[in-house]
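Here is a short tour of a model, with attention to charged pairs, strand pairing and the packing of side chains. Please keep the viewer open as you read.

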Amino acid sequence: MTGVLALVTPLAGSPTLLPVFSSALDDAGQPPTSGRPDSRWVVVDFDGLPMANDRLGGYSANVDGLVYVRCFGDTVREVAWAQEKTRAVLLDVVPTIPGRSVQALRMYSAQRPTPDRDEPTPLFAAVDVYTLFTAPAVGA
């Protein structure tokens, strides 16, 4: 697995087959440009981490960032299922970033599924936050 954005790719593949978006939701709680999926979906956001390998590989300093995994569904059960599947794919994964020493993704915080009371149709959401730390590789 190469680069931070590569963390998104396995979420959409087997065993999850989840619609995954790698940008923020709009003000109405919908994934950007594509509208709300029929069932569960995931939005992945990054804080403090440049996404492009060529940019991150060139950093001379340590980078400590957060990966936000927002799971959505029509029921609590769907959101809990999405959380379970995304955790199985992401927890303890070590992305490969050329020129960098990278630690495994660690769970920083987790939220239980809660209803979105502003949404007219049933919608539940939960957020898992992972930490990712990377430093320049020795000798790089």
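D92 is partly exposed, at a relative accessible area of 45%, where the partly exposed class lies between buried (under 20%) and exposed (over 50%), for a 1.4 Å probe and protein chains only. R106 is also in this class, with 43%. D92 and R106 form a salt bridge with their closest N and O atoms 2.2 Å apart; the term asks for a side-chain nitrogen of Lys or Arg within 4 Å of a carboxyl oxygen of Asp or Glu. D92 sits in the loop between α3 and β4 (100-102), while R106 belongs to strand β5, 14 residues apart. Helices (H or I, at least four residues) and strands (E, at least two) are DSSP runs, numbered from the N terminus.

Before going on, a word on the source: this is a predicted model, in which local features need pLDDT of at least 70 and side-chain atom pairs count only at pLDDT 80 or more, while totals for chains, interfaces and linings use all residues. Residues are numbered from 1 along each chain as its sequence is written, and side-chain values use heavy atoms, leaving out hydrogens and water.

How many salt bridges does the structure hold? There are three, and they are listed here with their N to O distances.

| Acid | Base | N to O distance |
|---|---|---|
| D45 | R70 | 2.5 Å |
| D128 | R87 | 2.7 Å |
| D92 | R106 | 2.2 Å |

The D45 and R70 pair links strand β2 to strand β3, across 25 residues. D45 counts as buried at 16% relative accessibility, whereas R70, at 24%, counts as partly exposed. The D128 and R87 pair links strand β7 to helix α3, with the two positions 41 residues apart in sequence. Here D128 is buried at 0% and R87 is partly exposed at 28%.

Now to the strands, which pair if DSSP finds at least two bridges between them. β2 and β3 are antiparallel over seven bridges, and F46 has V67 in β3 as its bridge partner. β3 and β7 also run antiparallel, joined by eleven bridges, with V69 partnered by D128 in β7. V44, in strand β2, is buried at 2% relative accessibility. The C-alpha atoms of V44 and D128 are 9.8 Å apart, although 84 residues separate them along the chain.

What about the nonpolar side chains? A nonpolar core is a set of buried Ala, Val, Leu, Ile, Met, Phe, Trp, Tyr and Cys residues joined through side-chain atoms within 4.5 Å. The largest has 18 residues, of which V67, V69, C71, L90, L105 and Y130 touch the most other members. At least two residues of this core come from each of β2 (41-47), β3 (63-73), α3 (76-90) and β7 (124-136). Another core, of five residues, lies apart from it and includes W41, F72, L123 and A125.

W41 and F72 form a stacked aromatic pair, 5.2 Å centre to centre and with 10 degrees between the planes; rings of Phe, Tyr and Trp (its six-membered ring) pair if their centres lie within 6.5 Å, and planes under 30 degrees apart count as stacked, over 60 as edge-to-face and the rest as tilted. W41 is in strand β2 and F72 in strand β3, so the pair ties together parts 31 residues apart in sequence. W41 is buried at 0% relative accessibility, as is F72 at 6%.
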